[in-house]
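Here's a quick briefing to keep beside you while you turn the structure around on screen. Have a look at the model first, then read on.

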Amino acid sequence: MTADGAPELRGSLDERAEHERLRRLDEAYSSSPYYRKIWQSESPASRLMADRKWALITALLRAEGLDVGSARVLDLGVGSGQDGARFKALGARPDRFVGLDFLELRAREAHELNPWMNTIVGDAG
């Protein structure tokens with residue numbers, strides 16, 4: 001409730017401040033040539049980290065016998081959708097995949113780069 005008794009519709013001041021802080025951080029990274037260079041998905045370091053991460057994820061899925069094609073996948077912090085594309089390559093079905101990001105720009109980017117992907121803007125908290 002707000003001070004005048006109305007229901008709070010957008011979260012607490014702390015939540016809004018954190019969203020704003022993260023939005024500004026994303027904007028700073030996106031506008032900085034240095035950060036764009038080191039975080040771009042085509043950089044050797046980014047490729048190495050992503051390939052290693054997905055080798056581990058794939059091994060874990062196989063070891064546990066999980067069928068990605070029948071799983072529901074929720075990608076928290078979908079960003080540009082790169083992890084979703086990897087899940088799709090492993091057999092995830094578009095109708096069982098949702099990408100969530102609290103930045104509208106990122107959720108839209110993920111969907112534009114991966115039209116099959118269902119994306120929503122929201123907070124997982």
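Let's start with one residue: serine 46 is buried, since its relative accessible area of 11% falls under the 20% cut-off. Keep in mind that this is a predicted model. From serine 46 we'll step back to the whole chain, then go through the sheet and the helix packed on it.

**Around serine 46**

- Serine 46 sits in helix 3, which covers residues 44-64.
- Its side chain makes a polar contact of 3.0 Å with the side chain of serine 43.
- Leaving out residues up to four places away in sequence, serine 46 touches Ile38, Trp39, Gln40 and Ser41.

**The chain as a whole**

- The protein has five helices and three strands.
- Reading from the N terminus, you go through them as α-α-α-β-α-β-α-β.
- Buried residues make up 23% of the 125 residues in the protein.
- If you take the contacts with a separation of 6 or more, 48% of them are between residues 24 or more positions apart.

**The sheet**

- The three strands line up in the order 1-2-3 as an open sheet, and their pairing is parallel.
- Strand 1 and strand 3 (118-121) are at the edges with a single partner strand each, so each has one side without a neighbour in the sheet.
- On average, neighbouring strands of this sheet are turned by 20° against each other, ignoring direction.
- As a bit of background, strands of a sheet pair through backbone hydrogen bonds, and they can do that in a parallel or an antiparallel way.

**Strand 1 and its link to strand 2**

- Which residues of strand 1 are on its covered face, and which on its uncovered one? In this strand (residues 73-76), Val73 and Asp75 are on the covered face, while Leu74 and Leu76 are on the uncovered one.
- Strand 1 pairs with strand 2 (residues 97-101) over four bridges, in the parallel sense.
- Two places to look along this pairing are aspartate 75, whose bridge partner in strand 2 is glycine 99, and leucine 74, which stands opposite valine 98 in strand 2.
- Together with helix 4 (residues 82-89), strand 1 and strand 2 make a β-α-β unit that is right-handed.

**Strand 2 and its link to strand 3**

- How many of the five residues of strand 2 are buried? The count is four, so to speak of strand 2 as mostly covered is fair.
- Strand 2 and strand 3 run parallel and are joined by four bridges.
- Valine 98 has asparagine 118 as its bridge partner in strand 3, and aspartate 101 has valine 121 there.
- Between strand 2 and strand 3 the chain crosses through helix 5, and this β-α-β crossover is right-handed too, as with the unit built on helix 4.

**Helix 5 on the sheet**

- The buried residues of helix 5 are Arg106, Ala107 and Ala110.
- These residues are on the same side of helix 5, because the arc they cover around the axis is only 100°.
- Turn to the face pointing away from that buried side and you'll find the exposed residues Glu104 and Glu112.
- Glutamate 104, which has its place in helix 5, counts as exposed because its relative accessible area of 52% is over the 50% cut-off.
- What separates glutamate 104 from valine 121, in sequence and in space? They are 17 residues apart in sequence, but 5.6 Å apart in space from C-alpha to C-alpha.

Terms used. Residues numbered from 1 in each chain as written. Predicted model: local features only at pLDDT ≥ 70, side-chain atom pairs only at ≥ 80, totals over all residues. Heavy atoms only, no water. Buried < 20%, exposed > 50% of the residue type's maximum accessible area, 1.4 Å probe, protein only. Pairing = 2+ DSSP bridges. Right-handed = clockwise from strand over helix to strand, strands pointing away. Axes fitted to C-alpha atoms, helices over the stretch in contact; angles between N-to-C directions. Arc of directions from axis to C-beta. Polar contact = N/O pair within 3.5 Å; in protein donor to acceptor, adjacent residues only side chain to side chain. Contact = heavy atoms within 4.5 Å.
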